[in-house]
Amino acid sequence: MVRLEDARRIIAAAEKKAQELGQPMNIAVADEGGNLVAHVRMDGAWLGSIDISIKKAFTSRAFDISTQDLAKASQPGGPFYGIHASNHGQVMIFAGGVPLKKNGKVVGAVGVSGGSGDQDHAVATAGASAF
């Protein structure tokens, strides 16, 4: 279960990493059902990345995989090619979504958007490590 206090801790760790990178980000935390628990748009983060961060968190939870790994598997010829068109357009296949695990089970996810794919993934990973 991802509680609000967990989401706040995850967001704080992700914000810290984003500040270290000098890149304002949108950071979203989803629960086991893929529902939004909390979201933060850092000062200066792109407005267009609000929706993307939320959808990255949903995607990571919906498929229990990082969106970085899903992106690799969803290229032409890959086993998940075309997956981005599923779930009414909620699936995001770029880096920045990371599952949250408790006792080996995925119980939520964090989604980050606003920088390069590598930056988004690093910030999401930093957030997930605080869980």
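How much area does the chain expose, and what share of it do carbon and sulfur atoms supply? The chain exposes about 6,400 Å², and carbon and sulfur atoms supply 52% of it; accessible areas come from the Shrake-Rupley method with a 1.4 Å probe, and for residues only the protein chains shown count as cover.

Before you start clicking, note that this is a predicted model: local features need pLDDT of at least 70, side-chain atom pairs count only at pLDDT 80 or more, and totals for chains, interfaces and linings use all residues. Residues are numbered from 1 along each chain as its sequence is written, and side-chain values use heavy atoms, with hydrogens and water left out.

**Stop 1: the whole chain**

Show the cartoon and follow the chain through its 4 helices and 4 strands. Their order along the sequence is α-β-β-α-α-β-β-α. Here helices (H or I, at least four residues) and strands (E, at least two) are DSSP runs, numbered from the N terminus. The radius of gyration is 13 Å, close to the 14 Å that the globule rule gives for 131 residues, so the chain is as compact as a globular protein of that length. That radius is taken over C-alpha atoms, and the rule is 2.2 Å times the number of residues to the power 0.38. Along its principal axes, the C-alpha trace spans about 40 × 30 × 20 Å.

**Stop 2: helix α1**

Select residues 4-21. The 18 residues of α1 should span 26 Å at 1.5 Å a residue, and the end C-alpha atoms are indeed 26 Å apart; the expected span is 1.5 Å times one less than the number of residues. Now colour Asp6, Ala7, Ile10, Ile11, Ala14 and Ala18, which are buried (under 20% relative accessible area; exposed is over 50%, partly exposed in between, with a 1.4 Å probe and protein chains only). These buried residues cover an arc of only 125° around the axis, which puts them on the same side of α1; the arc is that of the directions from the helix axis to the C-beta atoms. Turn to the other side of α1 to find Glu5, Arg8, Lys16, Gln19 and Glu20 exposed. Just after the helix, Gly22 takes a positive phi of about 70°.

**Stop 3: the nonpolar cores**

Next, select Met25, Ile27, Val29, Leu100, Val110, Val112 and Val123. Of the 19 residues in the largest nonpolar core, these touch the most other members. Such a core is a set of buried Ala, Val, Leu, Ile, Met, Phe, Trp, Tyr and Cys residues joined through side-chain atoms within 4.5 Å. The elements giving two or more residues to this core are α1, β1, β3, β4 and α4, and α1 gives the most, with 5 residues. A second, separate core of 5 residues includes Ala71, Ile83, Val91 and Ile93.

**Stop 4: Arg61**

Go to helix α2 (residues 48-63) and pick Arg61. Is Arg61 buried or exposed? Arg61 counts as buried because its relative accessibility is 15%. Leaving aside neighbours within four places in sequence, Arg61 is in contact (heavy atoms within 4.5 Å) with Asp31, Glu32, Gly34, Val106, Gly108 and Ala109.

**Stop 5: helix α4**

Finish at α4, whose 13 residues reach 18 Å from first C-alpha to last, close to the 18 Å expected. Its buried residues are Asp120, His121, Val123, Ala124, Ala126, Gly127 and Ala128. What covers them includes α1, α2, α3 (67-73), β3 and β4.
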